[in-house]
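Please open the structure in your viewer, with the sequence panel beside it, and keep a selection tool at hand. The tour goes from the whole chain to single side chains, one selection at a time.

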Amino acid sequence: MLPFQLPDRIVSLVTEIETRAGRPIRWEEDKNLFGAMYSNVWKGRATIVYRDFTEEGVVHELLHLRLTYSGFPVLSCDGHLHITKQIMDMLLGAAQHIVIFPQLKELGYKPREGESRGIRQQLAQLEKEDFDRVSSEPDVRALFSMIYVRVFLESEDAETQAEAERIFDDPRRQPCRALAKSVIAIFRDRPREQTVAVKPLRVFAESPDRNGRHHRSQDQKRERRPAQRPGVTIGRCSTH
């Protein structure tokens, strides 16, 4: 049960998602959540995890869920390191936001302002990291690159972008920026329609069915224990 009344135009979106899922959306409070809210589909059940409620945040996550139930490719990292999942979450979020941000603007919201707040938190954490300690890890470098990607794909705040350039002007971080610019070019060169239709790579999960279930290969279905090692956690890309 939501703690506030949603406009009728949004209630219809909740109904659409719950109809596709065949069950109610699960709402789960997490007071330690890095961002305000995020969503996922697990075993066909749409779930929204929240620390703080805002109308825009709820709508944002509902649009993410609608994309998932519409067959938008989902990235899978079963058996991989937690940091790999962070990278995949950011990559998937950037791809989905190409579709979601225009929809949010049409509804009267300002999605890039909310993303900018979370991105500034990530930049502040990144700058505190001992880069010499972690720079030998390819997955950590990729994580840093994805933060730069978020700055220039998901934020229009000039101050945030200038801060990112200052941080990545450090010669040690410049290779991360070069990788990030390659990723940004791929997104910007691909028309929105093609981004929606793009198929997942073989190493990722197939698109979910109408109930949000992920169909994986036999290799992916084998139970594997995620590797454990000290890593870098730079916030989750939630709104959000």
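What follows is a series of selections, each with a short account of what is found there.

**The whole chain**

Begin with the full chain in cartoon view, and keep in mind that this is a predicted model. The chain has 10 helices and 3 strands, and from the N terminus on the elements run α-β-β-β-α-α-α-α-α-α-α-α-α, so that the three strands follow the first helix. Of the 240 residues in the chain, 46% are buried. If you switch on the surface, its accessible area comes to about 13100 Å², and carbon and sulfur atoms account for 50% of it. Among contacts between residues at least 6 apart in sequence, 70% join residues that are at least 24 apart.

**The largest nonpolar core**

Next, hide the surface and turn to the interior. In soluble globular proteins, nonpolar side chains tend to be buried together. The largest nonpolar core here holds 56 residues, and the members that touch the most other members are Ile17, Ile25, Leu62, Leu104, Leu123, Val149 and Phe168, which you can select together. Now add helix α3, residues 82-106, which gives the most to this core, with 11 residues.

**Helix α7 and its two sides**

Select residues 158-168, which form helix α7, and colour its buried residues, namely Thr160, Ala164, Ile167 and Phe168. Why do these residues lie on the same side of α7? They cover an arc of only 90° around the axis, which puts them on one and the same side of the helix. On the other side of α7 you will find Ala158 and Glu159, both exposed. To see what covers the buried residues, display the neighbouring helices, including α4 (111-128), α6 (138-154) and α8 (174-189).

**Phe168 and the aromatic cluster**

Stay with Phe168 and show the residues it touches. Leaving aside neighbours within four places in sequence, Phe168 is in contact with Leu123, Leu126, Phe144, Tyr148, Arg173, Gln174, Cys176 and Arg177. From that list, follow Tyr148 and then add Phe152, since Tyr148, Phe152 and Phe168 form one aromatic cluster.

A pair of aromatic rings is described by the distance of the centres and the angle of the planes. The structure holds 2 aromatic pairs. Tyr148 and Phe152 form a tilted pair, at 4.8 Å centre to centre and with 35° between the planes. Both of these residues lie in helix α6, 4 residues apart, which is about one turn of the helix. Tyr148 is buried, with a relative accessible area of 2%, and Phe152 also counts as buried, at 18% relative accessibility. The rings of Tyr148 and Phe168 have their centres 5.1 Å apart and their planes at 75°, so this pair is edge-to-face. Because Tyr148 lies in helix α6 and Phe168 in helix α7, the pair ties together parts that are 20 residues apart in sequence.

**Salt bridges in and between the helices**

Side chains of opposite charge can pair when their charged atoms come close. The structure holds 14 salt bridges, and a few of them can be visited from here. Within helix α6, select Arg150 and Glu154, which are 4 residues apart, or about one turn of the helix; their side chains meet in a salt bridge at 3.5 Å, N to O. Are these two residues buried or exposed? Arg150 counts as buried at 1% relative accessibility, and Glu154 likewise counts as buried at 2%.

Move on to Arg177, which appeared among the contacts of Phe168. The side chains of Arg177 and Glu165 meet in a salt bridge at 2.7 Å, N to O. Arg177 lies in helix α8 and Glu165 in helix α7, so the pair ties together parts that are 12 residues apart in sequence. Arg177 is buried, with a relative accessible area of 11%, whereas Glu165 is partly exposed, at 25%. Keep Arg177 selected and add Asp169, because the side chains of these two residues also meet in a salt bridge, at 3.0 Å, N to O. Asp169 is partly exposed, with a relative accessible area of 44%.

For the last stop, select Glu16, Arg20 and Arg66, which salt bridges with shared partners join into one network.

How values were computed:
Residues are numbered from 1 along each chain as its sequence is written. This is a predicted model: local features need pLDDT of at least 70, side-chain atom pairs count only at pLDDT 80 or more; totals for chains, interfaces and linings use all residues. Side-chain values use heavy atoms; hydrogens and water are left out. Buried means under 20% relative accessible area, exposed over 50%, partly exposed in between (1.4 Å probe, protein chains only). Helices (H or I, at least four residues) and strands (E, at least two) are DSSP runs, numbered from the N terminus. The arc is that of the directions from the helix axis to the C-beta atoms. Contact means heavy atoms within 4.5 Å. A salt bridge is a side-chain nitrogen of Lys or Arg within 4 Å of a carboxyl oxygen of Asp or Glu. Accessible areas come from the Shrake-Rupley method with a 1.4 Å probe; for residues, only the protein chains shown count as cover. Rings of Phe, Tyr and Trp (its six-membered ring) pair if their centres lie within 6.5 Å; planes under 30 degrees apart count as stacked, over 60 as edge-to-face and the rest as tilted. A nonpolar core is a set of buried Ala, Val, Leu, Ile, Met, Phe, Trp, Tyr and Cys residues joined through side-chain atoms within 4.5 Å.
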